[in-house]
Amino acid sequence: MSITQMNVSGAKAFLEAMSKGDVNAVQALASDKFDYWVAGSTSMSGSRSMTELTAAMPDFAQCFPDGLRMSVTGITAELQRVAVEAVSHGTTADGKTYQNDYHFLFEFDQAGKITKVREYMDTAHVADVFAG
């Protein structure tokens, strides 16, 4: 398996682990220099360390009692960088439908661990569902 293929597998595994709320799997996929950044000006926006990300995962899980399913719709990859297009679907704890489109950019170190994740999504939809 090539470096690019391994990193694609790592990006898919990370999104699956996040969807399931599997803190141990998320931590196992990340490097010590991990940084997760979300675009926009929502309460979720900005940079998070692994400690901050995993600490927030139980709160996120409470927002979606039946889970938030993430489906990959496209991938472009080259060596240490993997770009993933995805769509999510879930129902919030108060019964609202949440479906968003995403672009994730993953960066990997030489050992195949994720060093950076950049998440871009429709932040207006986030605000509408969670604050509206």
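**Exercise 1.** Find out how many residues line the largest pocket in this predicted model, and which lie nearest its centre.

*Solution.* Start with the lining: 31 residues make it up. Now go to the middle, where Met18, Met44, Leu53, Ala56 and Phe60 lie nearest the centre. Next, sort the lining by element: helix 1, strand 1 (30-38), helix 3 (50-63), strand 3 (68-78), strand 5 (97-108), strand 6 (114-121) and helix 4 (123-131) each give two or more residues. Helix 3 hands over the largest share, seven residues. As for the space inside, the largest pocket holds about 770 Å³.

**Exercise 2.** Check whether the end-to-end span of helix 1 agrees or disagrees with 1.5 Å a residue.

*Solution.* Helix 1 covers residues 3-20, which is 18 residues. The rise is counted over one less than that number, so the expected span is 26 Å. Then look at the end C-alpha atoms: they sit 26 Å apart, so the two agree. Just past the helix, Gly21 takes a positive phi of about 70°.

**Exercise 3.** List which residues of helix 1 are buried.

*Solution.* Go along the helix and pick out Asn7, Val8, Gly10, Ala11, Phe14, Leu15, Ala17 and Met18. To read the spacing, recall that an α-helix has 3.6 residues a turn, so residues three or four places apart point the same way.

**Exercise 4.** Decide whether Met1 is buried or exposed, and which nonpolar surface patch it belongs to.

*Solution.* First place it: Met1 is in the segment before helix 1. Its relative accessibility is 73%, and exposed means over 50%, so Met1 counts as exposed. Finally, find its partners: Met1 forms a nonpolar surface patch with Ile3, Met6 and Leu79, together showing about 440 Å² of accessible area.

Conventions. Residues numbered from 1 in each chain as written. Predicted model: local features only at pLDDT ≥ 70, side-chain atom pairs only at ≥ 80, totals over all residues. Heavy atoms only, no water. Helix = DSSP H or I, 4+ residues; strand = E, 2+ residues; numbered from the N terminus. Buried < 20%, exposed > 50% of the residue type's maximum accessible area, 1.4 Å probe, protein only. 1 Å grid on protein atoms, 1.4 Å probe; cavity = no way out; pocket = protein on both sides within 12 Å on 5 of 7 lines; lining within 4 Å. Points joined across faces, edges and corners; volume = space filled by probe spheres on them.
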